[in-house]
Amino acid sequence: MPSVVIAAAYGGPEVLSVVDVPTAEPGPGTARIAVRAAGVNPADYKMYSGAFGSDPAKLPIRLGLEAAGVVTAVGPGAAGPAGLVQVGDEVIVYRATAAYATELVAPARSLVPKPAALDWAQAAGLVLTGVTAWHTLVATGVGEGDTVLIHGGAGGVGIMAIQLAAARGATVLATASPARHEFLRELGAIPVEYGRGLSDRVRAAAPQGIDAALDLVGTDEAVDVSLGLVPDRSRIATIAAFGRAGAAGIKALGGGPGADAGTEIRDAARMDLARLAGDGKLKVFVSQTFPLADAAAAHRAIITGHATGKIVLIP
């Protein structure tokens, strides 16, 4: 019987367990997928940590927002962004529900073809961070000739944002600890150490000035430095500092209170991300993989915030 990861209570990773649950037959417009890998994201543990509330009526919570796998059955009219979905198709599933599983049923509209150039773990880690990064760049209008500052360049979204901004013709500065600076250079960014004196270091590295800033970490430092360096506040976006965005006059993006979800932008970006990855123009860096049964260990790893790249579960 198929297995899924659930949170049976609110708390830390210790509340996670693997249970056997039958998978329904796909209905109209849906498909069943044998999961080969599932991406792990901070939003996953926030679902049961209490960060998004602790309504007992929502328990148990099935986790996982993105996966990659093989289509094993299709319902009538199962068409995705690339056309009709067929048994045997290798696909990326996003947005997914209950992706921490050995198999799942998903709307065909959430399926995009898996690029052959990516392995299963890379495919499972491509889209959520990719569409988030894409949204931040669209929202701030980053393009040819711009200089953009990315706070949190070595995180999952930051790695994608650096590559996508550089592909748009922008000069990219990215903050990280010194241990990750060489990695950021390889991605095409000018690394800058965060911490006291950040504004001065950014000015020294980019005397031409900063046109846009992306806060991917949610710290006061990231917001304050961005406000001090970017003349046009409409070109500052955050995916984490939701409490400060309104008062500061900057853009809040994603699932937080008062944020622009950007659903249409993000959904439209999936095929572009797959194409870029398939052409070798966008790299997915997987730092760790864990068996599905070790989902709690995967969450402990991502909670530390020290991972460079994606953490992925393998059923």
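How many bridges join strand β1 to β2, and in which sense do the two strands run? I will start there, and I should say at once that what we are looking at is a predicted model. Five bridges join β1, which covers residues 3-7, to β2, and the two strands run antiparallel. Within that pairing, V4 of the one strand stands opposite V19 in β2. The two strands belong to an open sheet of three strands in the order β2-β1-β4, where the pairing is antiparallel. At its edges stand β2, residues 16-20, and β4, residues 61-62, and because each has a single partner strand, one side of each is left without a neighbour in the sheet.

Staying with antiparallel pairing, let me move along the chain to β5 and β8. Strand β5, residues 67-74, is joined to strand β8, residues 90-93, by four bridges, and the two run antiparallel; if you want a pair to look for, G69 has V91 as its bridge partner in β8. Strand β8 also pairs with strand β10, residues 111-113, in the antiparallel sense and over three bridges, with V93 standing opposite L111 in β10.

Next comes the parallel sheet. Six strands form an open sheet in the order β13-β12-β11-β14-β15-β16, and here the pairing is parallel. The edge strands are β13, at 190-193, and β16, at 251-252, each of which pairs on one side only. Within the sheet, β11, residues 147-151, and β12, residues 171-176, run parallel and are joined by four bridges, and L149 has L173 as its bridge partner in β12. Helix α3, residues 127-140, packs on this sheet and touches β14 (212-215), β15 (236-238) and β16, its direction making about 150° with that of β14. Helix α7, residues 220-229, packs on the sheet as well, touching β11, β14 and β15, and its direction makes about 165° with that of β11.

For a helix packed against another helix, please turn to α1 and α10. Two packed helices are described by the angle between their axes and the distance between the axes. The axes of α1, residues 42-49, and α10, residues 295-303, come within 10 Å and cross at roughly 105°, which makes α1 roughly perpendicular to α10. From α1 the contact takes in P42, D44, Y45 and Y48, and from α10 it takes in H299, I302 and I303. Sorted by class, the residues of this contact are five nonpolar, one polar and one charged.

One residue that I would like to single out is F242, which lies in helix α8, residues 242-248. Its C-alpha atom is separated by 6.5 Å from that of P257, although the two residues are 15 apart along the chain. Neighbours within four places in sequence left aside, F242 is in contact with A252, L253, G256, P257 and A259.

That leaves the empty space in the model, and I will take the cavities before the pocket. Where does such space show up? Rolling a probe the size of a water molecule over the atoms shows where empty space is left. A search of the whole structure finds two cavities of 30 Å³ or more. The largest cavity has a volume of about 50 Å³, and its lining includes G125, T129, K283, F285 and K310. Helix α4, residues 156-167, gives the most to that lining, with three residues, and by class the lining has four nonpolar, four polar and two charged residues. The second largest cavity, with a volume of about 30 Å³, is lined by Q163, L164, A167, L276, K281 and L282. Here too α4 gives the most, again with three residues, while the classes come to four nonpolar, one polar and one charged.

Finally, the second largest pocket has a volume of about 170 Å³. Among the residues that line this pocket are Y94, R95, L104, P107, D267 and R270. Strand β9 (103-107) and helix α9 (263-278) each supply at least two residues of the lining, and β9 gives the most, with four residues. The lining of this pocket divides into six nonpolar, two polar and four charged residues.

Definitions and conventions. Residues numbered from 1 in each chain as written. Predicted model: local features only at pLDDT ≥ 70, side-chain atom pairs only at ≥ 80, totals over all residues. Heavy atoms only, no water. Pairing = 2+ DSSP bridges. Contact = heavy atoms within 4.5 Å. Axes fitted to C-alpha atoms, helices over the stretch in contact; angles between N-to-C directions. Parallel < 35°, antiparallel > 145°, perpendicular 65-115°, else oblique. Nonpolar A, V, L, I, M, F, W, Y, C, P; charged D, E, K, R; others polar. 1 Å grid on protein atoms, 1.4 Å probe; cavity = no way out; pocket = protein on both sides within 12 Å on 5 of 7 lines; lining within 4 Å. Points joined across faces, edges and corners; volume = space filled by probe spheres on them.
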